[in-house]
Amino acid sequence: MATDYERCYTSKIYLEKLSNGMDPFTGDDLPEDTVLNDVYLCRAFALAADVLDMFIKNGCKINASSKSERHPFRITEAQIENITISEEPVSITTIANRINKVLDSDVRHIQGFHIAAWLETEGFLTTEVYKDKRNRIPTKEGENIGITAHLVDFQGREFYKNLYNVNAQAFVVANIHKIAAASFKEYAEQLTIEEAVSEKPKAKPKTTKKKTKK
């Protein structure tokens, strides 16, 4: 019989995979038009996984006074340099997972839908309807940076799956700060503060005039 810890841990893994657009049983990417890939559901899955993670760390006990939570998203230049970029084209889910792999364990993670939403806002993806289902596909600008759409069949359902070549992967990684700022309000505020500090003119050193003898 499974223990409380085993059940909670398994549930957390399932929810984390669902939040990243993955089939929790096979690990395959879910169709982009499935309701399980809805942005609000993905956020709910991610939140539920975080709550379960806190519950597990607390010994599978509810403690009202516990204030453990993930810190706001942050990523260093050293971490960015360690993000894997492959010659083989990959899905947006894989890119998100590679980014999260280099992050500290106690910070919020980037999800595939964060990246896709930013790419669509910037004009590299667009939403079109195919067989009564909404699909994000690359625009001409998206194709130019290396995003390609492939029509695939998943359990009898056809949909477009986007793949990102080495150039597209590098483009996403190079813009990780912008993606995070668009996805997390607190990160955008932090970047604004840092920019203001860096742009603040340095005070000129005070000079003392030497008195001249008359």
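The paragraphs below walk through one helix and one surface patch of this predicted model.

A good place to begin is helix α5, which runs over residues 112-121. Seven of the ten residues of α5 are buried, so the helix is largely enclosed by the rest of the structure. The buried residues in α5 are G112, F113, H114, I115, A116, W118 and L119, and a reader following the helix in the 3D view can look for each of these in turn. After α5 comes G123, a residue whose phi is positive, near 90°.

Within this helix, H114 deserves a closer look. Its relative accessible area is 9%, and because buried means under 20%, H114 counts as buried. Which residues does H114 touch, once those up to four places away in sequence are set aside? The residues in contact with H114 are then H109, I179, S183 and F184. There is also a polar link to the backbone, since the side chain of H114 reaches the backbone nitrogen of Q111 at 2.9 Å.

The surface offers another view, and here we turn to helix α2, which covers residues 39-57 and contains L41. Is L41 buried or exposed, or does it fall in between? With a relative accessible area of 32%, L41 is partly exposed, because this class lies between the limit of 20% for buried and the limit of 50% for exposed. Together with V35 and L36, L41 makes a nonpolar surface patch of about 230 Å².

Definitions and conventions: Residues numbered from 1 in each chain as written. Predicted model: local features only at pLDDT ≥ 70, side-chain atom pairs only at ≥ 80, totals over all residues. Heavy atoms only, no water. Helix = DSSP H or I, 4+ residues; strand = E, 2+ residues; numbered from the N terminus. Buried < 20%, exposed > 50% of the residue type's maximum accessible area, 1.4 Å probe, protein only. Polar contact = N/O pair within 3.5 Å; in protein donor to acceptor, adjacent residues only side chain to side chain. Contact = heavy atoms within 4.5 Å. Patch = residues over 30% accessible without salt bridge, like charges linked within 9 Å, V, L, I, M, F, W, Y side chains within 5 Å. Areas by Shrake-Rupley, 256 points an atom, 1.4 Å probe, with all protein chains shown as cover. Salt bridge = Lys/Arg side-chain N within 4 Å of Asp/Glu carboxyl O.
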